[in-house]
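Here's a structure to look at. Let's see how its helices pass one another, and then what sits in its core.

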Amino acid sequence: RRIEAYLPARGRFVEVPGARLHVREAGSGPAVLLLHGLGGQSAHFDYGVFETLARSHRVIAVDRPGSGYSARGAGAPADLSTQAAALAALIEHMGLERPTVAGHSLGGATALTLALEHPDKVGALALVAPLTHVQAAPPEVFKPLSIASPGMRKLFAWTLATPGGIAGGKKVLATVFAPESAPHDFPVKGGGMLSLRPSQFLAASADMQALPGHMPGLVARYGQLKVPTAVLYGREDALLDWQQHGQALADKVPGLQLQLVDGGHMLPVTQPQVVADFIAGCARLTLPAGAAN
């Protein structure tokens, strides 16, 4: 409660089938939809990506269903197909007209799902350190999210997750940002404190545990991608290997552009100008309505 009072929702809420989405919007011009990664929220784009893009684009940053201040509908599953359907409904509701969808990490897998399952809603894909293939095991820092029993997950979330997150927060951030450093104000400006809430542990756990059933089918369809797609990866990413997730996607998608930079996984925070320029470049490649059908 103290965290939510200190970091309240800053956007508006949009009701779509299966979710109540927290959305922030700024600027005008070609539309860009920003999707954050596992256990995060849209504030990850507040280190310059959102503001820079808004100078020349209509930018919409959304908390994925269950994350940040967005809520899943009663009984709605956490799988990426359900999340993509909610985002497709958001695009329709807001009249975005084939936005460039920029997805970071798990947001990249969400963006790929959206483009494949709702191709008329996406004009281009700008993927930043995306999850694109099946992981044999989750990164060490995410292993607590893999508790199999729903009852044990709930018990852990409401007892040990928050104090554990506080106690081990510096170590987790060091790993997630490696080899770069997390900004000192990330818990506030980047919304990191919001991830300490029990509801966020449960949402992130559900997101991660839905991946094994979703990713193989997604990977099998990569050759069907019809929209311009580009990938930005840090060579030293400590969470997702650029060859296993960036190059492997490029090998399956003809014409995909893969750009490598020196850096780690949290590029929207550590290298916002690079990421904003990358997304803006992808937006210039957006397909017109009907081109992907």
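## α4 and α9

The crossing of α4 and α9 is left-handed (the near helix is turned anticlockwise from the far one by less than a right angle; clockwise would be right-handed). Helices here are DSSP runs of H or I, at least four residues, numbered from the N terminus.

This is a predicted model, where local features need pLDDT of at least 70 and side-chain atom pairs 80 or more, while totals for chains, interfaces and linings use all residues. Residues are numbered from 1 along each chain, and side-chain values use heavy atoms, without hydrogens and water.

The axes (lines fitted to C-alpha atoms over the stretch in contact, with angles from 0 to 180 degrees between N-to-C directions) of α4, residues 106-117, and α9, residues 211-220, come within 11 Å and cross at roughly 50°. That makes the pair oblique (not under 35 degrees, roughly parallel; over 145, roughly antiparallel; or 65 to 115, roughly perpendicular).

## α3 and α4

What about α3 and α4? Their axes come within 9 Å and cross at roughly 70°, so the two are roughly perpendicular. This crossing is right-handed. In contact here (heavy atoms within 4.5 Å) are residues including Leu87 and Ile91 in α3 and Leu106 and Leu114 in α4.

## The core

The largest nonpolar core (buried Ala, Val, Leu, Ile, Met, Phe, Trp, Tyr and Cys joined through side-chain atoms within 4.5 Å; buried is under 20% relative accessible area, exposed over 50%, partly exposed in between, with a 1.4 Å probe and protein chains only) has 61 residues. Its largest share, 8 residues, comes from α3.
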